[in-house]
Structure formats: structure tokens, C-alpha cells
Amino acid sequence: MTDKLNELTAAGVAVWLDDLSRVRLSSGGLDQLRREKHVAGVTTNPTIFAKALSDADEYNWQLRDLATRGVEVEESVRMLTTYDVRWACDVMRPSYDGSDGVDGRVSIEVDPRVAHDSDKTVAEAKALWWLVDRPNLFIKIPATEEGLSAITDTLAEGISVNVTLIFGLDRYSAVMEAFLAGLEKAKANGHDLSKIGSVASFFVSRVDAEVDKRLEKIGSDQAKALRGKAAVANAQLAYERYSEVFSSDRWKALAAAGAHPQRPLWASTSTKNPDYRDVIYVEELIAPGTVNTMPESVIHAYADHGETRGDTVTGAYDAARKVFADLESVGVDMDDVIATLEREGVEKFETSWQELLDGVRKSLEAAAKGKGAPNKAAKGNAKAAEQAGGNA
């Protein structure tokens, strides 16, 4: 039987899992995906943690200990989530060692409430890096305008970064600029560039969800014919920009000093529209040197019926530009689409973070009162958190 995920990996796409929980860790499920499904990395976000902490008794002992010690809610969240991420880093360490530090990475996000405060973002990144204390960690920083300088300053400290919530091409170019500047500063600060990793998480399916909504509202046959095309075209043009930046003389100087490129990571790759093929955002975004982070359901779907047809990106630039021109001609303002998605992306993760805080607060209160299974008090928040967020 054909190993479709191995074919995808051979085509240059690193398969990452967009999920983490203590149950997945303690059951050996993550290690099994690493060994059997070619999973070479893990991404998390506030929504994933909000759901994980409310769904399992695995956290009860730690919640009881935290309650006994009188640890405040926000610090408790850090203790709970960094425990899982540290464990996941250890599980993924063979992938990290086997890829010379390129893969085997596990991401943890800074508090999304500080996404518009550069200084606080850097301070949070440094704290998380110290708490997890694993070389294969990624600190996730949202690609807000204020986040750009935080990306540079965090990399300058020798800390590896996953830049998240990228939706538009111009912002993506700014992210790559922030990456290059960060590595240049890291080199000047005496850091070993070969130990610093980075990915740029470019969101996919949410673009189609927003654009399709606008196309439906326009309602013409020409508009409806463009449904399901914007997200892939947007990502393909992002890869074009990536190829240009990472063939420049500026990059070559950093590569000569041992630096690894900041790989494009396709995020939000589960289809939001059931009419679309469930692996469309994998099949249509196959290109060398990329990462695709998927929910487990998409990993299994690709293993079952995914088609690896070689590079489906670099030959599609002109077609992608035509999609953008056609969208403009029917009245879709892509600049407004991107601005809306960025704003909503940060807001959704802020909502999930608040759900996480509320759930842990209730669990700590229950534990302090001596009730069993304290985290069950957070159950009511799990569904809301799941609905509020999105993958990657």
C-alpha cells in the first residue's frame, strides 16, 4: 500500500500536527504519529489548550498541587501548558536530531492579549523559552504590526520563533524582513545561527471562508465561480515571495554563517466548507521547503486518499495573479479581507485565552475545596473555546 504521507514528505513538505494534549502525550499517541505518520513537528494555540485542559483528568494532580501552593491563575496556565510542550519537545527530539534541528519543533504561543505590545511580547517569549528549556521549542508570535519588532528582538536573543496569524502578502514580506534583521542581530550578539529556527505560519482556509462569504453576497455567476480559489492563490503568491527573499545575497550571507531559512508553514488547512475536498489545502500547496500543519483528521485523510502530484505551487503564479485580478473585478477588496482576518484572528485567540484562564480558575477553586476532578468545572468553557478559535 502506498505511503502517501511519505510521498508528501519526499516532495519537500514537512508534516506537522496541529494539536496537543496531555492525553495524547501520556497515551503515546504523539510518538505513534511521529513514527508511523511522518509527523515531524507540533503546533499549538490557546484554543487547543483550552480544549485539552477541560477534557481530561490527566491535569488533576498538577491542578491540585498548584491550588495547594496558591499559585495565581495566569502562572498556573503557564505551568500547565509549558509542562505539555516540554514533554512534546522530548517526544519530538528524534525528529529534531535527525533533521539537524530543522524539524522536531513544538510551538507555544505568547499571551495573545499582548499581541499589540512589542516589549511585553518579547518578555513573554523569553519567559516561555526559559520555562520550557528545550532547543526544539518555537515561540509563537502573532504577525501584528507591533509583533514585527518583537519577532526581530526575540530572534536576536537566540530564541526560535514561529510567526503566526499571517494572512496577507505585504505582511508576509514584512515578517521575512523581521526574520532577516533578527538573525543579523543574533549573529552580532554572538549566537550560533544554526541553532535558531523559524517558520512563518501563513493561514489558508480562513481566507476562503471570508472571501467566499463576500462572493456569495455579491451573488453574480462570475463571483460564485471564484469560490474556493482565493486561499490557495494567496499562499502560492506567498511562496513566490519566499523564493525571492531566500535567494537574495542578503540571505546567502546569513546562510553562509549557518542559518536555516524561515520556512513557510501552511496553517488552518482543514476545510471550512464541506463542499471542498478535505485535503485541498495540502494537495494544492506542495512545494519544497514548506511545512503543512494539520489536525489529525486531515493527516489521516491524506494518508487515505491524498494525491502528491509534485510541486503544485511554483508553476501557478500567473494563474494565482489572475485569481486576484478576477476577485478585484467582481468587487472583493482583498486588503480589507486581510485586515479583517488579522483583527479577528487575534480576537479569537484572545477569547480562547480568556476561556482558558476562566477554566483553570474554576479548576483551581474546585481543587482548593478538595473536590475530585477539578478541571471538570471547565467543561462548559471547552465548547466555546473550540468554536472561538481555529487551527494553527
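# Exercises on a predicted protein model

Glu 355 lies in helix α18. Helices (H or I, at least four residues) and strands (E, at least two) are DSSP runs, numbered from the N terminus. This is a predicted model in which local features need pLDDT of at least 70 and side-chain atom pairs count only at pLDDT 80 or more, whereas totals for chains, interfaces and linings use all residues. Residues are numbered from 1 along each chain as its sequence is written, and side-chain values use heavy atoms, with hydrogens and water left out.

## Exercise 1: Overall form

Determine whether the radius of gyration of the protein chain agrees or disagrees with that of a compact globule.

*Solution.*
- Step 1. The radius of gyration is taken over C-alpha atoms, and the globule rule is 2.2 Å times the number of residues to the power 0.38.
- Step 2. For 392 residues the rule gives a value near 21 Å; the protein chain has 21 Å, so the two agree.
- Step 3. Along the principal axes, the C-alpha atoms fill a box of roughly 65 × 50 × 50 Å.
- Step 4. The chain is built with 19 helices and eight strands.
- Step 5. Contact means heavy atoms within 4.5 Å. Among contacts with a separation of 6 or more, 79% join residues 24 or more positions apart.

## Exercise 2: Burial and surface

State what share of the residues counts as buried, and classify Glu 355 and Ala 368 in helix α18.

*Solution.*
- Step 1. Buried means under 20% relative accessible area, exposed over 50%, and partly exposed in between (1.4 Å probe, protein chains only).
- Step 2. By this scale, 57% of the 392 residues count as buried.
- Step 3. Glu 355 has a relative accessible area of 16% and is therefore buried.
- Step 4. Ala 368 also lies in helix α18, but its relative accessible area is 59%, so Ala 368 is exposed.
- Step 5. Accessible areas come from the Shrake-Rupley method with a 1.4 Å probe; for residues, only the protein chains shown count as cover. The accessible surface of the chain comes to about 15300 Å², and 48% of this belongs to carbon and sulfur atoms.

## Exercise 3: The nonpolar core

Identify the helix that gives the most residues to the largest nonpolar core, and list the contacts of Val 360.

*Solution.*
- Step 1. A nonpolar core is a set of buried Ala, Val, Leu, Ile, Met, Phe, Trp, Tyr and Cys residues joined through side-chain atoms within 4.5 Å.
- Step 2. The largest such core has 125 residues; those touching the most other members are Leu 30, Val 85, Ile 139, Val 211, Leu 327, Met 334 and Val 360.
- Step 3. Helix α18 (residues 334-368) contributes the most, with 12 residues.
- Step 4. Leaving aside residues up to four places away in sequence, Val 360 touches Leu 53, Leu 63, Val 73, Ser 76, Val 77 and Leu 80.

## Exercise 4: Aromatic rings

Classify the pair formed by Trp 16 and Phe 138, and determine which parts of the chain the pair ties together.

*Solution.*
- Step 1. Rings of Phe, Tyr and Trp (its six-membered ring) pair if their centres lie within 6.5 Å; planes under 30 degrees apart count as stacked, over 60 as edge-to-face and the rest as tilted.
- Step 2. The structure holds 11 aromatic pairs. In the pair of Trp 16 and Phe 138, the centres are 6.2 Å apart and the planes stand at 35 degrees, so the pair is tilted.
- Step 3. Trp 16 belongs to strand β1 (residues 13-17) and Phe 138 to strand β4 (residues 137-142), so the pair ties together parts 122 residues apart in sequence.
- Step 4. Trp 16 is buried at 0% relative accessibility, and Phe 138 is buried at 1%.
- Step 5. A further tilted pair joins Tyr 242 and Phe 246, at 5.1 Å centre to centre and 40 degrees between the planes. Both residues are buried.
- Step 6. Tyr 242 and Phe 246 form one aromatic cluster with Phe 179, Tyr 239 and Trp 251.

## Exercise 5: Positive phi in loops

Locate His 38 and Ser 268, and decide for each whether it is buried, partly exposed or exposed.

*Solution.*
- Step 1. His 38, a residue other than glycine, has a positive phi near 65 degrees.
- Step 2. His 38 sits in the loop between α3 (29-36) and β2 (39-42), and at 25% relative accessibility it counts as partly exposed.
- Step 3. Ser 268 likewise has a positive phi, near 55 degrees.
- Step 4. Ser 268 occupies the loop between β7 (263-267) and α15 (280-283); with a relative accessible area of 0%, Ser 268 is buried.
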